[in-house]
Amino acid sequence: MLFFSFFKTLTDQVITVELKNDLCITGTLKSVDQFLNIRLDGITVEDPERHPHMMAVKNCFIRGSVVRYVRMGARSVDTTLLEDATRRGEFMVRVLKGLRVD
Amino acid sequence: MEALIPFTTSGSLVDLVDKKVLVILRDGRKIIGVFRSYDQFANFLMESVVERLYHKMEYADRDIGILLVRGENVVAVGEIDLIAEDLIPLREISVENIMTRITEDNTKRDKDQIIKENVLREYGFVSEGREGDAY
Amino acid sequence: MLPLTLLNAAQGKPMLVELKNGVTFNGHLVECDNFMNVTLREVYQTSADGERFWKMKEVFIKGNIIKYFRIADAILDSAFEQQEKNRAAAKTRGQSARGGRGGPAQRGARGGPPARGTPSGRGRGTGPPGRARGRGQ
């Protein structure tokens, strides 16, 4: 859920999605869902000769399970906020499990 | 004020309906057709489907008809811009021609792959074989 | 129409099923379920390399191993017709149940919603948002 929320804050930003087959697609993030499937608009492909089929495609839906990396500008991300959210999440998990909370 | 489209799979796919799309499957196939419908698992129903085989700057189309694709086999779906499509520099050739060129490439690649796998096996690496993804 | 709706409507019709490993089955669809499990009858199985063939009376294919189905155009058309017939039948049943009072006026008032409200109308890709949790189970 955390990264789903994170990607929701990234909508309308330009990101680069690297797939597991090395295909890199740069575009504007339009939508994301709970499976981290990504919808990109205005795409460009990094190595178009290797992937000629993408030439006439301007926007696409990418299945979350085939993504290796998502690259974005450092300015798009507030890492402190993310760290806090992560720690809060971990905190709640431990409380619910009845574990020692540090 | 723009309507708030929910952040769901449906929300992402609804504006692709009745558009010409390119679907990339996990086995590496590129499928072009009219996107008719989908469900919560991203299973797709497509009409007037062709499989487009690419080789360098050439391509060939193979008729398929109606296709019902199971969602987990999809890598990506792209909306084809009909204007940009006319401008692409690829040349269409027949299926037989492209198949000969593709099989030539594949036999060469398989030979190299066998040599590579033999070396990697010495180091303990095992390949997935046919069951793996080919996209 | 939803993909699985088409599959249900295609019972008794011939189709081709390709599995993730490339094996193909040509046969008539007997039954299918929401997991996409299918049973086919009078089946011709072809290996992935297209070299070997088997014929069998019946085969059960587990949904999670399927890559896709190839279906004839005629089957999509007949499935649509079936849907239209069901929709029309439901409408007339609804009207007669209302005792036929002011039929046209009522239809006019409900003129907008039914197009979206009928189950088959959801086929235009307005899949249920937020029900995607079904995948995880």
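1. Glu85(B) counts as buried, because its relative accessibility is 15% and the cut-off for buried is under 20%. The residue sits in helix α2 of chain B, which covers residues 82–87. With neighbours within four places in sequence left aside, the contacts of Glu85(B) are Ala56(A), Lys20(B), Arg52(B) and Ile80(B). The list therefore takes in one residue of chain A, Ala56(A), along with residues of chain B. All of this is read from a predicted model.

2. On overall confidence, the model has an ipTM of 0.82 and a pTM of 0.76. For chain C the mean pLDDT is 78, with 70% of its residues at 70 or more. Residues 105–137 of chain C are a stretch to treat separately: pLDDT stays under 50 there. The model nevertheless has 38 contacts beyond four places in sequence for residues 105–137 of chain C.

3. Chain A carries a record annotation. UniProt, in an unreviewed entry, places "domain: Sm" at residues 2–76 of chain A. In the model, that range is 47% strand and 11% helix. The C-alpha atoms at the two ends of residues 2–76 of chain A are 16 Å apart.

4. Chain C has an annotation of its own. An unreviewed UniProt entry lists "domain: Sm" for residues 2–75 of chain C. Over residues 2–75 of chain C, strand makes up 53% and helix 14%. Here the end C-alpha atoms lie 14 Å apart.

5. Which helix of chain B runs over residues 95–122? This is α3, with 28 residues. From the first C-alpha to the last, helix α3 of chain B reaches 40 Å, close to the 40 Å expected at 1.5 Å a residue. Just after α3(B) comes Gly124(B), which takes a positive phi of about 95°.

6. How many disulfides does the structure hold over all chains? The count is zero. Cys24(A), for one, is in no disulfide, and the nearest cysteine sulfur, that of Cys60(A), is 13 Å away. A pair of cysteine sulfur atoms would have to be within 2.5 Å to count as a disulfide.

7. Two cysteines can be placed by accessibility. Cys24(A) has a relative accessibility of 7% and so counts as buried. Cys32(C), at 11% relative accessibility, also counts as buried.

Terms used. Residues numbered from 1 in each chain as written. Chains lettered and ligands numbered in written order. Predicted model: local features only at pLDDT ≥ 70, side-chain atom pairs only at ≥ 80, totals over all residues. Heavy atoms only, no water. UniProt positions renumbered as here; feature names shortened; annotations may be inferred. Helix = DSSP H or I, 4+ residues; strand = E, 2+ residues; numbered from the N terminus. Expected span 1.5 Å × (residues − 1). Buried < 20%, exposed > 50% of the residue type's maximum accessible area, 1.4 Å probe, protein only. Contact = heavy atoms within 4.5 Å. pLDDT = per-residue confidence, 0-100.
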